[in-house]
Amino acid sequence: DHRDLHSFPTRRSSDLAASVGKTGAFFALPIEITCLAANAARDDARAIADAALPLGLLYQVQDDVRDLYAAKGRDRMGNDLREGKPSALAAAHIELHPHEAAELIHVLRTPRDLTSDGDVAYWTARFAESGALELVATRARQLIEKLKHDEVLTGAPALSGLVLSIAAWCYQVIDAAHAHSTLSNNREAV
């Protein structure tokens, strides 16, 4: 059960491993297959695919941010929180504020139909106020830098351009949410 308190990733490494395994393969596998179809050696195809794994993590992070701060095309925002899904934001918040872990995990363990709009609004605001959204945005920028300077990707300029274009699109979502929350926090402070 994804709502099990002991399986909730409270460390960044757990969150990263889960996201790379969950989404990274969706980006890496087609790249590897394309390389193999283009007669690349198996090891070269795997190396290129592995180099693109951070793109999957970046995509997952933007999806987590979009779920709380932008329209995701679902009936309402905050569905990941309502469904008890660990997210980059929740993991970053717990990393920064471990004393609030039990409260957040309690909401994540609450059945979807019992998770209130107030709970979602509270944690959406709290992630922004607490620095979790800022930390996620910083780590997203670090992933993009990793992609920009990856030796394997820089050796394949066309692929590198495609990967960096997708990375830029992902970051736009994160940056817009971060900018909006920063502006909102500054207005409240005045």
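Which side chain meets R126 in a salt bridge? E100 does, with 2.8 Å from N to O. The model is predicted. This report starts with its charged pairs, then turns to the core and a cavity.

**Salt bridges**

The count comes to 10 salt bridges. Side chains of opposite charge can pair when their charged atoms come close. Three of these pairs are set out below.

| Pair | Closest N and O atoms | Location of each partner |
|---|---|---|
| R126 and E100 | 2.8 Å | R126 in helix 7, E100 in the loop between helix 5 and helix 6 |
| D117 and R82 | 3.0 Å | D117 in helix 7, R82 in helix 4 |
| D117 and R76 | 3.3 Å | D117 in helix 7, R76 in the loop between helix 3 and helix 4 |

Take R126 and E100 again. R126 lies in helix 7 and E100 in the loop between helix 5 and helix 6, so the pair ties together parts that are 26 residues apart in sequence. Are these two residues buried or exposed? R126 counts as buried, at 16% relative accessibility. E100 is buried too, with a relative accessible area of 11%.

D117 appears in two of the rows. It forms a salt bridge with R76, and the closest N and O atoms are 3.3 Å apart. That pair links distant parts of the chain, 41 residues apart. D117 is partly exposed, with a relative accessible area of 47%. R76 is partly exposed as well, at 37%.

D117 also forms a salt bridge with R82, at 3.0 Å between the closest N and O atoms. D117 sits in helix 7 and R82 in helix 4, so this bridge ties together parts 35 residues apart in sequence. R82 counts as buried, because its relative accessibility is 2% and buried means under 20%.

Some bridges share partners. They join D80, E83, K85 and R112 into one network.

**The nonpolar core**

The largest nonpolar core holds 46 residues. Which of them touch the most other members? They are L58, V65, Y69, L89, L104, F127 and I174. Many helices take part. Helix 1 (12-37), helix 2 (42-51), helix 3, helix 5 (88-96), helix 6 (101-109), helix 7 (117-130), helix 8 (132-149) and helix 10 (157-189) each supply at least two residues. Helix 8 gives the largest share, 9 residues.

I174 serves as an example. Leaving aside neighbours within four places in sequence, I174 is in contact with L58, V61, Q62, V65, A137 and A140.

**The second largest cavity**

How many cavities of 30 Å³ or more does a search of the whole structure find? There are 3. The second largest has about 60 Å³ of space. Its lining is made of D64, D67, L68, D80, L81, K85, S87, A90, L108 and F127. Helix 3 (53-69) and helix 4 (79-82) are the elements that give two or more residues to this lining. Helix 3 gives the most, with 3 residues.

What is the chemical make-up of the lining? The residues divide into 5 nonpolar, 1 polar and 4 charged.

Several names recur. D80 and K85 line this cavity and belong to the salt-bridge network. F127 lines the cavity, and F127 is also among the core residues that touch the most other members.

Conventions. Residues numbered from 1 in each chain as written. Predicted model: local features only at pLDDT ≥ 70, side-chain atom pairs only at ≥ 80, totals over all residues. Heavy atoms only, no water. 1 Å grid on protein atoms, 1.4 Å probe; cavity = no way out; pocket = protein on both sides within 12 Å on 5 of 7 lines; lining within 4 Å. Points joined across faces, edges and corners; volume = space filled by probe spheres on them. Helix = DSSP H or I, 4+ residues; strand = E, 2+ residues; numbered from the N terminus. Nonpolar A, V, L, I, M, F, W, Y, C, P; charged D, E, K, R; others polar. Core = buried A, V, L, I, M, F, W, Y, C linked by side-chain atoms within 4.5 Å. Buried < 20%, exposed > 50% of the residue type's maximum accessible area, 1.4 Å probe, protein only. Contact = heavy atoms within 4.5 Å. Salt bridge = Lys/Arg side-chain N within 4 Å of Asp/Glu carboxyl O.
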